Amino acid sequence: VQLQASGGGLVEPGDSLTLSCAASGRLDIGTHMGWFRQAPGKERQFVAAINWAGTRTFYTDSAKGRFTISRDNAKNAAYLQMSSLKTEDTAVYFCAASHALLYDRETYSESGNYHNWGQGTLVTVSS
């Protein structure tokens, strides 16, 4: 199964944007989904994650209250709704899938626990 992130673009500070992650096939039951981002010259960092059932979500502190992760297993897709965007949100955003045993924010936020990564989509926040 391949993942493809889309929805990035150039927006102004304060704007909203929704990223989509589409899987090329059916996601296995129990697959966790995560969003990570990598800003120029910086390491990849965790943004948000969601469990298979969509009942548990986790966010990095900077995303709390502004971003919302969701998924639609019937469509084999995950989403990241971003609002009140800031210039520091500028990055390439990646979606990723995990079959690992994840149970808390620490394990959901660890990029090494994700085995399947999609190509990123660039989000640029600039006035």
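This is a short tour of a predicted model, moving from an open sheet to the nonpolar cores and then to one buried residue.

Residues are numbered from 1 along each chain as its sequence is written. Local features need pLDDT of at least 70 and side-chain atom pairs count only at pLDDT 80 or more, while totals for chains, interfaces and linings use all residues, and side-chain values use heavy atoms, with hydrogens and water left out.

Begin by selecting strands S1, S3, S8 and S7, which in that order form an open sheet of 4 strands with antiparallel pairing; strands are DSSP runs (E, at least two residues), numbered from the N terminus, and two of them pair if DSSP finds at least two bridges between them. S1 and S7 stand at the edges with a single partner strand each, so one side of each has no neighbour in the sheet.

Stay with S7 and S8, which pair in the antiparallel sense over 6 bridges, and find Ile69, which stands opposite Leu80 in S8.

Leu80 leads to the largest nonpolar core, of 28 residues, where Trp35, Phe67, Leu80, Met82 and Tyr93 touch the most other members. Such a core is a set of buried Ala, Val, Leu, Ile, Met, Phe, Trp, Tyr and Cys residues joined through side-chain atoms within 4.5 Å, and buried means under 20% relative accessible area (1.4 Å probe, protein chains only). Apart from this core lies another, of 8 residues, among them Phe46, Ala49, Phe58 and Ala96.

Finally, select Phe46 in strand S5, which is buried with a relative accessible area of 8%. Leaving aside residues up to four places away in sequence, Phe46 touches Trp35, Phe36, Phe58, Tyr59, Thr60, Tyr108 and Ser109, where contact means heavy atoms within 4.5 Å.

Conventions. Buried < 20%, exposed > 50% of the residue type's maximum accessible area, 1.4 Å probe, protein only.
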